[in-house]
Amino acid sequence: MATGGTTPKKIRKVEGSSSVGEGDESRDYDAETQKALEEIDACQNEIDALNEKASEEILKVEQKYNKLRKPYFEKRNEIIKKIPNFWFVNHPQISAILEEEEEECLHYLNKLEVEEFEDIKSGYRIKFYFDVNPYFDNDVLTKEFHLGSSGDPASQSTPIKWKEGMDLTKRHQEKQQQLKNNRKRVHVQRTFFSWFTDHGDPSADDIAE
């Protein structure tokens, strides 16, 4: 009910305000309450504008320091090349899932890079660089993590150009099937290349992290 003879007006719900509950968009307010809610709305607009400005400035700082870090990453990669099997020893999540044949294959891995997207927040890609090897023709394999069109985490990866008879993902599947045929209890084991080609649940990817 309006007071002081003022005709009440209808105002829209204020986003994030505890003063206006769900379903109150068409509720009538007295002039004083309406004025207060409009002031809250104006304050929120200012806060949103500052948040947007802060995000833009933080992005510029992150982009600046990514460029400054790049030569050190490159220097580190050159040093890493001197250490045999560096990525197996220093990345327990990878070493834990490697099958024997995969380990042989990954001996040809000579560099690993993590590259953030230009806007930083929307995703990143992991690049695996390989020497010429008997397993596949690719010299770089890339797995990318990003936000999909729905806003949920998504991933995609380079198709692996396996050489004839050298597809390690098929070999693993055949081993698993053979165990099933022998009626042995099969523990579904994730391997490096099954991880690389799997895009089922990127948000739970502990290896990429």
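Hi everyone, this is a short tour of one protein chain, from its overall layout to its salt bridges.

One thing to keep in mind from the start: what you have in front of you is a predicted model.

Let's begin with the layout. The protein chain has 6 helices and 6 strands. If you follow the sequence along, the order is β-β-α-α-α-α-β-β-β-β-α-α. In other words, a pair of strands opens the pattern, four helices come next, then four strands, and two helices close it.

Now, how much of this is tucked away? Of the 209 residues in the protein chain, 29% count as buried. The exposed surface comes to about 14,800 Å², and 49% of that is supplied by carbon and sulfur atoms. As for contacts with a separation of 6 or more, 46% of them join residues 24 or more positions apart.

On to the salt bridges. Side chains of opposite charge can pair when their charged atoms come close. How many salt bridges does a search of the whole structure find? The search turns up 7, and I'd like to walk you through some of them.

Please find helix α1, which covers residues 31-80. Within helix α1, Lys35 and Glu39 sit 4 residues apart, about one turn of the helix. These two form a salt bridge, with their closest N and O atoms 2.6 Å apart. Glu39 has a relative accessibility of 43%, so this residue counts as partly exposed.

Next, look at Glu78 and Lys81. Their side chains meet in a salt bridge too, at 3.4 Å from N to O. Are these two buried or partly exposed? Lys81 is partly exposed at 45% relative accessibility, and Glu78 is partly exposed as well, at 46%.

The third pair is Arg171 and Glu101, whose side chains meet in a salt bridge at 2.1 Å, N to O. Which parts of the chain does this pair tie together? Arg171 belongs to helix α5 (residues 168-181) and Glu101 to helix α4 (residues 100-106), so the salt bridge ties together parts that are 70 residues apart in sequence. Arg171 is partly exposed, with a relative accessible area of 22%. Glu101 is partly exposed too, at 29%.

Finally, there is a group to look for as you turn the model around. Glu115, Arg125, Lys127 and Glu144 are linked in a network of salt bridges.

That's the tour, and thanks for listening!

Technical notes:
Residues numbered from 1 in each chain as written. Predicted model: local features only at pLDDT ≥ 70, side-chain atom pairs only at ≥ 80, totals over all residues. Heavy atoms only, no water. Buried < 20%, exposed > 50% of the residue type's maximum accessible area, 1.4 Å probe, protein only. Contact = heavy atoms within 4.5 Å. Areas by Shrake-Rupley, 256 points an atom, 1.4 Å probe, with all protein chains shown as cover. Salt bridge = Lys/Arg side-chain N within 4 Å of Asp/Glu carboxyl O.
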